[in-house]
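Here are a few exercises on charge pairs and a pocket, each with a worked solution. Have your viewer ready and try each task before reading on.

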Amino acid sequence: MSTQVAPDKISRAVRAYFLAIRAMDADAFANTFAEDGTTCDPIGAPPISGRPAIREFLQSICKNFKSVALNEDAVFVAGSGAAVKWTGHGTSASGKEVKFEGIDVFEMNQDGKIQNVWAYWNPAEMIAQL
């Protein structure tokens with residue numbers, strides 16, 4: 001996006017995104033996105049577009065875990081977006097602990113909603129721990 005977005009709007013949206021994941025709240029997660037928002041999670045997977053599909057995406061992940069969380073290690077806000085280095089951890093439905101890490105790159109719209117997320121991480125590293 002070529003338009004500037006206020007840094008505080010970006011920071012609030014990013015914080016809400018990670019809080020929703022930690023709460024395993026698919027509705028709150030989907031609501032951090034624009035109606036036509038898209039996530040590529042991880043990069044290389046088919047894009048997921050629109051709030052209903054984004055909601056289903058998080059629900060599909062959460063059903064396999066007792067708890068799952070991504071914690072922001074470093075947040076870099078610039079222009080109309082942010083890059084976040086994060087560390088993930090969780091407990092699978094069968095009780096196994098997992099730890100993984102990655103970087104999410106966000107692009108926001110003028111309303112402070114997430115328009116696009118590109119997630120850079122390797123799910124195979126997490127799956128190998130299950």
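The exercises below work through salt bridges and then the largest pocket of this predicted model.

**Exercise 1.** Find the partner of Asp-8 in a salt bridge, and work out how the two are placed along the chain.

Solution.
- Step 1: Look for a side-chain nitrogen of Lys or Arg within 4 Å of a carboxyl oxygen of Asp-8. Arg-12 fits, with its closest N and O atoms 3.0 Å apart.
- Step 2: Place the pair on the chain. Both belong to helix 1 (residues 7-23), and because they are 4 residues apart, about one helical turn separates them.
- Step 3: Check the surroundings. Asp-8 is partly exposed, at 42% relative accessible area, and Arg-12 is partly exposed too, at 44%.

**Exercise 2.** Which residue forms a salt bridge with Arg-51, and is Arg-51 buried or exposed?

Solution.
- Step 1: The partner is Glu-35, and the closest N and O atoms are 2.7 Å apart.
- Step 2: This pair links distant parts of the chain, since Arg-51 sits in helix 3 (residues 51-62) and Glu-35 in strand 1 (residues 33-40), 16 residues apart.
- Step 3: With a relative accessible area of 14%, Arg-51 falls under the 20% cut-off and is therefore buried. Glu-35, at 55%, is over 50% and counts as exposed.

**Exercise 3.** Trace the salt-bridge network that includes Lys-85.

Solution.
- Step 1: Start with Lys-85 and Glu-101, whose closest N and O atoms are 2.9 Å apart.
- Step 2: Locate them: Lys-85 is in strand 4 (residues 81-92) and Glu-101 in strand 5 (residues 97-108), so the pair joins distant parts of the chain, 16 residues apart.
- Step 3: Compare their exposure. Lys-85 is partly exposed at 28%, and Glu-101 is partly exposed at 47%.
- Step 4: Add Asp-73, which is linked with Lys-85 and Glu-101 in a network of salt bridges.
- Step 5: Finish with the count for the model, which is 6 salt bridges.

**Exercise 4.** Describe the largest pocket: what is its volume, and how many residues line it?

Solution.
- Step 1: The volume is about 380 Å³.
- Step 2: The lining holds 22 residues, and those nearest the centre are Asp-41, Phe-57, Ile-61, Trp-121 and Met-126.
- Step 3: Two or more lining residues come from each of helix 1, helix 3, strand 3 (65-78), strand 5 and helix 4 (123-127). Helix 3 gives the largest share, 4 residues.
- Step 4: Sort the lining by character: 18 residues are nonpolar, 2 polar and 2 charged.

Definitions and conventions. Residues are numbered from 1 along each chain as its sequence is written. This is a predicted model: local features need pLDDT of at least 70, side-chain atom pairs count only at pLDDT 80 or more; totals for chains, interfaces and linings use all residues. Side-chain values use heavy atoms; hydrogens and water are left out. Buried means under 20% relative accessible area, exposed over 50%, partly exposed in between (1.4 Å probe, protein chains only). On a 1 Å grid over the protein atoms alone, a cavity is a set of points where a 1.4 Å probe fits but cannot get out, and a pocket is an open set with protein on both sides within 12 Å along at least five of seven lines; lining residues have an atom within 4 Å of a point. Grid points are joined across faces, edges and corners, and a volume is the space filled by probe spheres set on the points. Ala, Val, Leu, Ile, Met, Phe, Trp, Tyr, Cys and Pro count as nonpolar, Asp, Glu, Lys and Arg as charged, and the others, Gly among them, as polar.
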